[in-house]
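Open your viewer and get ready to click through a protein chain. Each stop tells you what to select and what is there.

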Amino acid sequence: MKKIPLLLLLISSSLFSQKYLDSLYNFKLIEKQITWQKVFTNIDSSKINSHLATTEFSSTLKKLKTSFTGRTVNTQKRVVKNHPYFATFGFDGFCKIEIKSNKFRVTLKDIYFRGPTIQVYGVQNKQDYPLQNNVIKKNQIKNSKRNNRLLKKLDSIINSKFTIKEEKKDDW
């Protein structure tokens, strides 16, 4: 009879324990820092250059010989409409895009959610929320429902910023 409460205690503690991950969606831990990284393939290099120059998110990046680097433009887009609080603001990050023949790799790190400017007693303070502080614990990605929802939505937004859509030529 004493085994049943012990068994219930062990089961309930395992249900509430939190798991940690090294990667989730296209987010990875690289040098203890949360980084979004993806390789896009089968794309003509001339389309890559024109797409990156015309897309608002990546328009401020500086072009080098075979890469683009710099801080992206704040999206001003809410990532998650309800919870967590910091995800209701737009975000930006440090971006590096490396181009090879018919493919390119995007690395986005140092991601910040740019909050409002708060004024208290005449002193203004800009509230910025680093993604690093909110999804990393014990040098691993927290695997919780809230984190998964946030990173999944953020992953789809970043992915859409760099996806090059093929133009369909219509005879009509």
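This tour goes from the whole chain to its strands, its core, its aromatic rings and a few residues in loops and turns.

**Stop 1: the whole chain**

Start with everything in view. Keep in mind that this is a predicted model. Colour by secondary structure, and you should find four helices and eleven strands. The chain has 172 residues, and 35% of them count as buried. Its exposed surface is about 11700 Å², with carbon and sulfur atoms supplying 53% of that area. Now think about contacts between residues at least 6 apart in sequence: 57% of them join residues at least 24 apart.

**Stop 2: strands 6, 7 and 8**

Select strand 6 (67-71) and strand 7 (91-100). The two pair in the antiparallel sense over five bridges. Find arginine 71, and look across to phenylalanine 94 in strand 7, which stands opposite.

Next, add strand 8 (103-120). How many bridges pair strand 7 with strand 8? There are nine, and this pairing too is antiparallel. Here isoleucine 97 stands opposite valine 106 in strand 8.

Follow the chain from strand 7 into strand 8. The two form a hairpin with two residues between the strands. Click on asparagine 102 in this hairpin: its phi is positive, near 60°. Most residues other than glycine have a negative phi.

**Stop 3: the core**

Hide the backbone and show nonpolar side chains. The largest nonpolar core has 35 residues. Select Phe27, Ile97, Phe104, Phe113, Leu131 and Phe162, the residues with the most contacts inside this core.

Which elements each supply at least two residues of this core? They are strand 4 (33-41), helix 2 (45-54), strand 7, strand 8, helix 3 (131-135) and helix 4 (145-162). Helix 4 gives the most, with six residues.

Stay with phenylalanine 162 and show its surroundings. Leaving out residues up to four places away in sequence, phenylalanine 162 touches Trp36, Phe40, His51, Leu52, Phe57, Ser58, Cys95, Ile97, Phe104 and Val106.

**Stop 4: aromatic pairs**

Show the aromatic rings. The whole structure holds six aromatic pairs. Zoom in on phenylalanine 40 and phenylalanine 104, which form a stacked pair. Their centres are 4.9 Å apart, with 15° between the planes. Phenylalanine 40 belongs to strand 4 and phenylalanine 104 to strand 8, so this pair ties together parts that are 64 residues apart in sequence.

Are these two rings buried or exposed? Phenylalanine 40 is buried, because its relative accessible area is 7%, under the 20% cut-off. Phenylalanine 104 is also buried, at 1%.

Now move to phenylalanine 57 and phenylalanine 162, an edge-to-face pair. Here the centres are 5.9 Å apart and the planes meet at 70°. Phenylalanine 57 sits in the loop between helix 2 and strand 5 (62-63), while phenylalanine 162 is in helix 4, so the pair links parts that are 105 residues apart in sequence. Both residues are buried.

Widen the selection to Trp36, Phe57, Phe91, Phe113 and Phe162. Together they form one aromatic cluster.

**Stop 5: asparagine 74**

Go to the loop between strand 6 and strand 7, and select asparagine 74. This residue is buried, with a relative accessible area of 18%. Draw a distance from its side chain to the backbone nitrogen of phenylalanine 91: a polar atom of the side chain lies 3.0 Å away. Setting aside neighbours within four places in sequence, asparagine 74 is in contact with Gly90, Phe91, Asp92 and Arg114.

**Stop 6: turns with positive phi**

Select strand 10 (136-137) and strand 11 (140-143). They run antiparallel and are joined by two bridges. Isoleucine 136 stands opposite isoleucine 141 in strand 11.

The two strands form a hairpin with two residues between them. Lysine 138 in the turn has a positive phi of about 55°. Asparagine 139 lies in the loop between these strands, and its phi is positive too, near 55°. At 45% relative accessibility, asparagine 139 is partly exposed.

Finish at tyrosine 121, in the loop between strand 8 and strand 9 (123-130). Its phi is positive, near 50°. Tyrosine 121 is exposed, with a relative accessible area of 83%.

Terms used
Residues are numbered from 1 along each chain as its sequence is written. This is a predicted model: local features need pLDDT of at least 70, side-chain atom pairs count only at pLDDT 80 or more; totals for chains, interfaces and linings use all residues. Side-chain values use heavy atoms; hydrogens and water are left out. Buried means under 20% relative accessible area, exposed over 50%, partly exposed in between (1.4 Å probe, protein chains only). A nonpolar core is a set of buried Ala, Val, Leu, Ile, Met, Phe, Trp, Tyr and Cys residues joined through side-chain atoms within 4.5 Å. Contact means heavy atoms within 4.5 Å. Rings of Phe, Tyr and Trp (its six-membered ring) pair if their centres lie within 6.5 Å; planes under 30 degrees apart count as stacked, over 60 as edge-to-face and the rest as tilted. Two strands pair if DSSP finds at least two bridges between them. A polar contact is a pair of N or O atoms within 3.5 Å; within protein, one must be able to donate a hydrogen and the other to accept it, and residues adjacent in sequence count only if both atoms are side-chain atoms. Accessible areas come from the Shrake-Rupley method with a 1.4 Å probe; for residues, only the protein chains shown count as cover.
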